[in-house]
Amino acid sequence: DINKRFHWVPPKGWDVDARHLGISARNSLPWRGRMPVPRAPEGGAWILPCTDKMSLRIARLADQLKAAGWKVITSPPHVIERLGNKALLPGYARQIGMLEFLPEHFASPAAAKYPCTLKPAKGEFGKNTFMCRSSQEVMEKIPEGLSSDWVLQEYVPGHIEYSVSLLVFHGKITDTVGVRYTYASACYIWPHVQELGQEMFDVPQEHLAVMARFLDGYDGFLNFNYKTRADGTPCIFEANTRIGADLGCDA
């Protein structure tokens, strides 16, 4: 399996899905971002992150990976962090004049509008993410208080959620894959909800125009998760600086 064109790291149990794509991809390379880096197969291959943590590790070890024969597409660590860290994303959005396309973020449980979402600043796949209906519920989850390790944000209801994966080169979108998910409830925290269906969709140009504003200095794969407000405006919950499950498993 080493002699393949694309290796998604670290192993996440996605190898069957990678094989089904028919593009000579694997998710079986036993490397978790530590030194020494593995040798690439003869002729080289792409090494691509499928966790946010690995995205940063590849960025920081890019020179060593290239020296070991790997093909790498990555971004400066600070560019990855301002997108992938959920606590830093609102500040970046404010800086570029795009804060209106994110949920409202709250500085304290007392200032929040309920229900709202509590999630780790660094985390994936809904782990340790909660819907809270009062400040008391928030404090039960984080008795140490709201710190930079956590994000408290507006909950945007709706049965339909969108996941869009982008291939970005020098800050420009070169390719897109969109998956639309329909759920049984309008208020949920994934994965604790019944999925009614999923389908590929053509991402509206106005949505891509919003995402493009966030991409200055970025190279690599990027995934945006969002819903739309009543007027059709996208509301971006988070950006994932990696291959997402939508692209790796569902598309």
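This is a short selection-by-selection tour of a predicted model, going from its sheets to its helix contact, its open and closed spaces, and its unusual backbone spots.

**Stop 1: the three-stranded sheet**

Select β1, β2 and β3. These three strands form an open sheet, and the order across it is β2-β1-β3. The pairing is parallel. Now look at the borders. β2 (25-26) and β3 (46-49) are the edge strands. Each has a single partner strand, so one side of each has no neighbour in the sheet.

Next, show the backbone of β1, residues 6-9, together with β3. The two pair in the parallel sense over four bridges. For one register point, label Trp 8: its bridge partner in β3 is Leu 48.

**Stop 2: the helix across it, and its partner**

Add α2, residues 52-60. This helix lies across β1 and β3. Its direction makes about 135 degrees with β3.

Now add α4, residues 77-84. Two packed helices are described by the angle between their axes and the distance between the axes. Here the axes of α2 and α4 come within 9 Å and cross at roughly 170 degrees. Angles over 145 degrees count as roughly antiparallel, and that makes α2 roughly antiparallel to α4.

Show side chains at the contact. From α2, pick Ser 55, Leu 56, Ala 59 and Arg 60. From α4, pick Pro 77, Ile 80 and Glu 81. Colour them by class: four are nonpolar, one is polar and two are charged.

**Stop 3: the closed cavity**

Keep Ser 55 of α2 selected. How many cavities of 30 Å³ or more does the structure hold? It holds one. The volume of the largest cavity is about 100 Å³.

Its lining has 14 residues. Select Pro 49, Ser 55, Ile 73, Thr 74 and Asp 219, which lie nearest the centre of the largest cavity. Then switch to the cartoon. β3, α2 and β10 each supply at least two residues of this lining. By class, the lining of the largest cavity splits into seven nonpolar, five polar and two charged residues.

**Stop 4: the five-stranded sheet**

Follow β10 into its own sheet. Five strands make an open sheet here, in the order β9-β8-β7-β10-β11. The pairing is antiparallel. The edge strands, β9 and β11, each pair on one side only. Look along the sheet: from one strand to the next, the twist averages 25 degrees.

Zoom in on β10 and β11. They pair in the antiparallel sense over six bridges. Label Phe 224, which stands opposite Ala 239 in β11.

Now bring up α7, residues 205-212. This helix packs on the sheet and touches β7, β8, β10 and β11. The direction of α7 makes about 120 degrees with that of β10.

**Stop 5: the largest pocket**

Turn on the surface. The largest pocket holds about 660 Å³ of space, and 35 residues line it. Which of them lie nearest its centre? Gly 126, Glu 161, Trp 190, Asn 225 and Glu 238.

Colour the elements that contribute. At least two lining residues come from each of these:

- β4 (116-120) and β6 (150-154)
- β7 (160-169) and β8 (172-183)
- β9 (195-200), β10 (220-228) and β11 (234-240)
- α8 (245-250)

By class, the lining of the largest pocket has twelve nonpolar, eleven polar and twelve charged residues.

**Stop 6: backbone exceptions**

Most residues other than glycine have a negative phi, and most peptide bonds are trans. Three places in this model are worth checking against that background.

Start with Trp 190, one of the residues nearest the pocket centre. A cis peptide bond joins Trp 190 to Pro 191, with omega at about 10 degrees. Pro 191 sits in the loop between β8 and β9.

Go next to Met 35 and Pro 36. A cis peptide bond joins them too, and omega is about -5 degrees. Look for Pro 36 in the loop between β2 and β3.

Finish at Asn 128. This residue is not a glycine, yet its phi is positive, at about 60 degrees. The loop that holds Asn 128 runs between β4 and β5 (130-132).

Definitions and conventions. Residues are numbered from 1 along each chain as its sequence is written. This is a predicted model: local features need pLDDT of at least 70, side-chain atom pairs count only at pLDDT 80 or more; totals for chains, interfaces and linings use all residues. Side-chain values use heavy atoms; hydrogens and water are left out. On a 1 Å grid over the protein atoms alone, a cavity is a set of points where a 1.4 Å probe fits but cannot get out, and a pocket is an open set with protein on both sides within 12 Å along at least five of seven lines; lining residues have an atom within 4 Å of a point. Grid points are joined across faces, edges and corners, and a volume is the space filled by probe spheres set on the points. Ala, Val, Leu, Ile, Met, Phe, Trp, Tyr, Cys and Pro count as nonpolar, Asp, Glu, Lys and Arg as charged, and the others, Gly among them, as polar. Axes are lines fitted to C-alpha atoms, for helices over the stretch in contact, and angles run from 0 to 180 degrees between N-to-C directions. Angles under 35 degrees count as roughly parallel, over 145 as roughly antiparallel, 65 to 115 as roughly perpendicular and the rest as oblique. Contact means heavy atoms within 4.5 Å. Two strands pair if DSSP finds at least two bridges between them.
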